[in-house]
Amino acid sequence: MPYEDYEKQGHLGEGTFGVVTKAVRRAGGEVVAIKKLRSRAAKEGTELATLREIMLLHELKHPNVCELMEVYVHNGAISLVFEFCSTDLEVLIKDRDWRI
């Protein structure tokens, strides 16, 4: 079961669409970020826009974009497993000393 494949390490952040947790894949020790999506209408099913976004993220492969590695459902909530990045775009934008 995918949920049990990861050991949670701590809370990374929270936003409008979900909660992000740092975790380690039990097999291999790879560090990942797991985003548990907030369900606005769990009883009505997953929104079509959410499903489309997941499909696009799964297909998107680029060195400057965090890779969506896995998607699983646990207790009715969708979780997206991404490669772990040490920072995010907001931090880089606010850092005036950072240069490309």
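**View 1. Order of the elements along the chain.** In this predicted model, the protein runs β-β-β-α-β-β-α when read from the N terminus. That makes five strands and two helices to look for as you trace the backbone. Among the elements you will meet are the helix α1 (48-59) and the strand β4 (68-74), followed by β5 (77-83) and the helix α2 (89-94).

**View 2. Surface and interior of the protein.** The protein has 100 residues, and 20% of them are buried. Its accessible surface amounts to about 7,800 Å², with carbon and sulfur atoms supplying 54% of that area. As for how the chain meets itself, take the contacts between residues at least 6 apart in sequence: 34% of these join residues at least 24 apart.

**View 3. The disulfide of C66 and C85.** One disulfide turns up when the whole structure is searched. Its partners are C66 and C85, whose sulfur atoms sit 2.5 Å apart. The link between C66 and C85 is left-handed, with -140° about the S-S bond.

**View 4. Where the two cysteines sit.** Which loops hold C66 and C85? C66 belongs to the loop between α1 and β4, while C85 belongs to the loop between β5 and α2, so the disulfide ties together parts that are 19 residues apart in sequence. Are these cysteines buried or exposed? Neither, as it happens: C66 is partly exposed because its relative accessibility is 32%, and C85 is also partly exposed, at 33% relative accessible area. Both values fall between the 20% limit for buried and the 50% limit for exposed.

Note on methods:
Residues are numbered from 1 along each chain as its sequence is written. This is a predicted model: local features need pLDDT of at least 70, side-chain atom pairs count only at pLDDT 80 or more; totals for chains, interfaces and linings use all residues. Side-chain values use heavy atoms; hydrogens and water are left out. Helices (H or I, at least four residues) and strands (E, at least two) are DSSP runs, numbered from the N terminus. Buried means under 20% relative accessible area, exposed over 50%, partly exposed in between (1.4 Å probe, protein chains only). Contact means heavy atoms within 4.5 Å. Accessible areas come from the Shrake-Rupley method with a 1.4 Å probe; for residues, only the protein chains shown count as cover. A disulfide is a pair of cysteine sulfur atoms within 2.5 Å.
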